[in-house]
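I opened this model to go through its metal site, its core, its ring pairs and two pieces of secondary structure. My notes follow in the order I looked things up.

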Amino acid sequence: MRTAHGPWTVREGLVVRLEDEAGAVGWGEVAPLPWFGTETVAGAEAVLRELGKIVTTAQLEQVPARWGCVRFALMSARSGPAPGRAGRDYSPIAALLPAGRDAPARAEVLAEAGFRTFKWKVGVGDAADEWALLDDLFACLPAGAKLRLDANGAWDRRHAERWLERCAERPVEFVEQPVAPDARGADDLLLGLAADYPTPLALDESLAGGEDVDKWLDAGWPGVFVVKPALLGDVSSTLTKLAAAKAAVVFSTAIETAIGAQSALRWAFAWPGETRALGFGVWPLFADARFDGPAAAPFIRAADIEHLKPEAVWTALS
Ligand code: MG
């Protein structure tokens with residue numbers, strides 16, 4: 001797949017299998033995104049090797065918070081009840097549009113297929129070209145459709161301001177990560193932009209783990225939190241804090257196999273707040289189809305998540 005950091009051809013990760021004394025088996029996936037600031041695969045592997053073949057519950061719980069992806073995998077693999085559902089039987093999925101001039105034609109095809117929330121990567125080409133395409137795109141979308149823009153941190157203050165002036169007159173659901181988290185003064189700039197323009201802003205790359213979510217909740221972030229459960233470590237406690245703050249949350253994939261996808265989607269269905277279209281419209285993605293999460297469709301049913309087969313991924317890898 002193509003990312004803001006160039007082509008990404010191999011998804012490296014780790015699959016964890018835990019079996020308890022009673023013989024109950026669970027699976028979890030370590031799916032790091034090191035450019036977000038998570039651990040690397042090599043680092044995660046070292047932590048798991050250190051734990052060894054036989055572990056106690058206490059050892060699993062003592063893995064430090066900075067190994068958020070490892071903690072997510074271990075929590076997922078521990079046998080026990082899956083997170084409860086918030087009563088929803090299905091949830092809409094956001095369609096991913098290609099960057100650049102192919103977006104309007106693709107949006108028409110996807111709208112025909114039933115998608116109503118679309119995400120378009122911006123900050124990739126010349127701004128004037130992208131503004132013209134933005135209007136073409138709106139002309140293609142059916143009434144009531146929602147459009148998300150994702151800049152992946154590509155803009156500086158001046159570009160962000162000019163874009164947000166444009167967006168103010170258009171029905172953009174939100175603009176994701178207008179400036180990079182490591183840009184100078186990024187936190188103040190993001191808070192300032194969120195206060196100055198009517199289009200909501202979303203944090204994605206700014207949230208590399210639970211501690212980042214805590215920081216932005218403390219800062220009173222008024223926009224959307226893009227939550228990738230696979231990066232969060234203790235997903236339960238982070239989601240509890242977000243729910244208590246009545247935060248706007250959009251769940252998103254970290255590009256997992258079916259194992260991580262099942263865990264992450266269970267959390268998305270457990271969210272008690274408003275249902276926004278899920279950012280999980282990425283599969284099929286892998287050369288070996290046994291690794292794929294649920295194929296992108298306008299909706300996903302809670303029941304379909306339970307049909308994913310972690311054991312098949314494990315077998316495919318063995
Ligand atoms: Mg994003």
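Entry 1, metal site. The model is predicted, and I began with the magnesium ion. I found it coordinated by Asp150 (OD), Glu176 (OE) and Asp204 (OD), at 2.0 to 2.2 Å. Along the chain these donors follow the spacing D-x25-E-x27-D. I then placed two of them: Asp150 is in strand S8 (residues 146-150), while Asp204 is in the loop between strand S10 (201-203) and helix H8 (210-218), so this pair ties together parts that are 54 residues apart in sequence. I also checked burial, and both Asp150 and Asp204 are buried.

Entry 2, nonpolar core. Which residues of the largest nonpolar core touch the most other members? I noted Phe118, Trp120, Leu147, Leu149 and Phe225, out of 98 residues in that core. Helix H10 (residues 258-270) gives the most to this core, with eight residues. I followed Phe225 further, leaving aside its neighbours within four places in sequence. Its contacts include Leu203, Leu207, Val213, Trp216, Leu217 and Leu242. Phe225 is also in contact with Ala247, Ala248, Val249 and Val250. Apart from the largest core I found another one, of five residues, among them Phe174, Ala202, Val226 and Val250.

Entry 3, ring pairs. I listed eight aromatic pairs in the structure. Tyr90 and Phe299 form one that is edge-to-face, with 5.4 Å centre to centre and 85° between the planes. This pair links distant parts of the chain, since Tyr90 is in strand S5 (residues 90-92) and Phe299 in strand S13 (residues 299-301), 209 residues apart. Are these two rings buried or exposed? Neither word fits: Tyr90 is partly exposed because its relative accessible area is 49%, and Phe299 counts as partly exposed at 48%. Next I took Trp216 and Trp221, whose ring centres are 5.4 Å apart and whose planes are at 75°, so this pair is edge-to-face too. Here Trp216 is buried at 1% relative accessibility, and Trp221 is buried at 6%. I also noted that ring pairs link Trp131, Trp155 and Trp163 into a cluster.

Entry 4, strand S3 and its hairpin. In a regular strand the side chains alternate between the two faces of the sheet. I looked at strand S3 (residues 14-19) with this in mind: Leu14, Val16 and Leu18 make up its covered face, and Val15, Arg17 and Glu19 the uncovered one. S3 runs antiparallel to strand S4 (residues 25-30), and six bridges join the two. Glu19 has Val25 as its bridge partner in S4. The hairpin has five residues between the strands, and in it Gly23 takes a positive phi near 90°.

Entry 5, helix H9. Which residues of H9 (residues 235-244) are buried? I noted Val235, Thr238, Leu239 and Leu242. They lie on the same side of H9 because they cover an arc of only 95° around the axis. The face turned away from this buried side carries the exposed residues Thr240 and Ala244. I then asked what the buried residues of H9 pack against. The partners are helix H3 (68-77), H8, strand S11 (224-227), strand S12 (248-251) and H10. Lys246 follows H9 and has a positive phi, near 50°.

Notes. Residues are numbered from 1 along each chain as its sequence is written. This is a predicted model: local features need pLDDT of at least 70, side-chain atom pairs count only at pLDDT 80 or more; totals for chains, interfaces and linings use all residues. Side-chain values use heavy atoms; hydrogens and water are left out. Donors are N, O and S atoms within 2.8 Å of the metal (3.2 Å for Na, K and Ca); water is not among the atoms, so sites may look incomplete. Buried means under 20% relative accessible area, exposed over 50%, partly exposed in between (1.4 Å probe, protein chains only). A nonpolar core is a set of buried Ala, Val, Leu, Ile, Met, Phe, Trp, Tyr and Cys residues joined through side-chain atoms within 4.5 Å. Contact means heavy atoms within 4.5 Å. Rings of Phe, Tyr and Trp (its six-membered ring) pair if their centres lie within 6.5 Å; planes under 30 degrees apart count as stacked, over 60 as edge-to-face and the rest as tilted. Two strands pair if DSSP finds at least two bridges between them. The arc is that of the directions from the helix axis to the C-beta atoms.
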